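Student: I would like a close look at a single part of this model, taken slowly and with its surroundings included. Could you choose one part and connect what it touches to the rest of the chain?

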Amino acid sequence: MAIRLLVADDHEVVRSGLVSLLEGTGIEVIAQAGNAAEVIKQAHELKPDVVLLDIRLGEDDGLVVLETLRRELPDTKVVILSTYDNPTYVARAYAMGANEYVLKGATRDNLVGAILAVAAGQSPTEFGEMRNIAGTMATRQIDPAGDVQLTQRETQVLRHLALGLSNKEIGQSLSISVETVKEHVQHLLRKMQVSDRTQAAVWAVKRGLA
């Protein structure tokens, strides 16, 4: 039996390309969606085995769609498809319940392998980016209920960090120097007892700060 797939991407050319790419692989594209509302509506109506979800759907945030799918259709698997090779984005997807995270530059075999593996109940798989994050998180279990006191500025920096912004971008957004951002990030990592920005991003998502 073919894996029933919903393809969600805001570019029609990309959606059409994915349909062609997946022909003859045992994966049947049963529907396409170009925005958040369409994804949620079709997922409810069609109950696909897997949703292949772009992390950016035009003006919509794919991770918000992911959160909705996890809450409303917990049995539906979700593979994030993204151009962003950014560990913070992968961390956010992991923390919010994605089953896999595949880059748009991945090979056809890796994309197909990830979809088939996720449909079979594997997560993370050997084909995507999430195994690296899962490995990192396995070395340090973060307690989202931990009593960590952050200043208002540290909270602002953490939210920016969890969105995948660089130190320079955070500084520009908050009108502070890159050196000051670096100091805040070091304070955050120390307070949260985590070793890198990826773990900090997961911590932030689990605490509802990002």
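Tutor: What follows is a look at one helix and its partners, and then at the sheet elsewhere in the chain. The model is a predicted one, and every value below is computed from it.

The part I have chosen is helix α7, which spans residues 152–162 and in which E154, T155, V157, L158, H160, L161 and A162 are buried. These buried residues pack against four other helices, namely α4 (87–95), α8 (167–174), α9 and α10. After α7 comes G164, a residue whose phi is positive, near 90 degrees.

Two residues in the partner helices show how this packing looks at the level of single side chains. On the α9 side there is H184, which is found in the helix covering residues 178–192. Once neighbours within four places in sequence are set aside, H184 is in contact with R153, E154, V157 and I176, and of these contacts E154 and V157 are among the buried residues of α7. H184 itself has a relative accessible area of 16%, and it counts as buried because that value is under the 20% cut-off.

On the α10 side, the residue to look at is A201, which lies in the helix made of residues 197–206. A201 has a relative accessible area of 0%, so it is classed as buried. Not counting residues up to four places away in sequence, A201 touches T88, A91, L161 and A162; L161 and A162 belong to the buried set of α7, while T88 and A91 fall within the range of α4, 87–95. For a sense of distance across the chain, A201 and H44 are separated by 157 residues in sequence and by 30 Å in space, taken from C-alpha to C-alpha.

Elsewhere in the chain, five strands form an open sheet with parallel pairing, in the order β2-β1-β3-β6-β7. Its edge strands are β2 (27–33) and β7 (100–103), each of which pairs on one side only, and neighbouring strands are turned against each other by 25 degrees on average, direction ignored. Strand β1, residues 3–8, runs parallel to β2 and is joined to it by six bridges, with A8 standing opposite A33 of β2. Two helices lie across this sheet: α1 (residues 12–21) crosses β1, β2, β3 (50–54) and β6 (77–82), running at about 170 degrees to β2, whereas α3 (residues 62–72) lies across β3 and β6, at about 175 degrees to β6.

Definitions and conventions:
Residues are numbered from 1 along each chain as its sequence is written. This is a predicted model: local features need pLDDT of at least 70, side-chain atom pairs count only at pLDDT 80 or more; totals for chains, interfaces and linings use all residues. Side-chain values use heavy atoms; hydrogens and water are left out. Two strands pair if DSSP finds at least two bridges between them. Axes are lines fitted to C-alpha atoms, for helices over the stretch in contact, and angles run from 0 to 180 degrees between N-to-C directions. Contact means heavy atoms within 4.5 Å. Buried means under 20% relative accessible area, exposed over 50%, partly exposed in between (1.4 Å probe, protein chains only).
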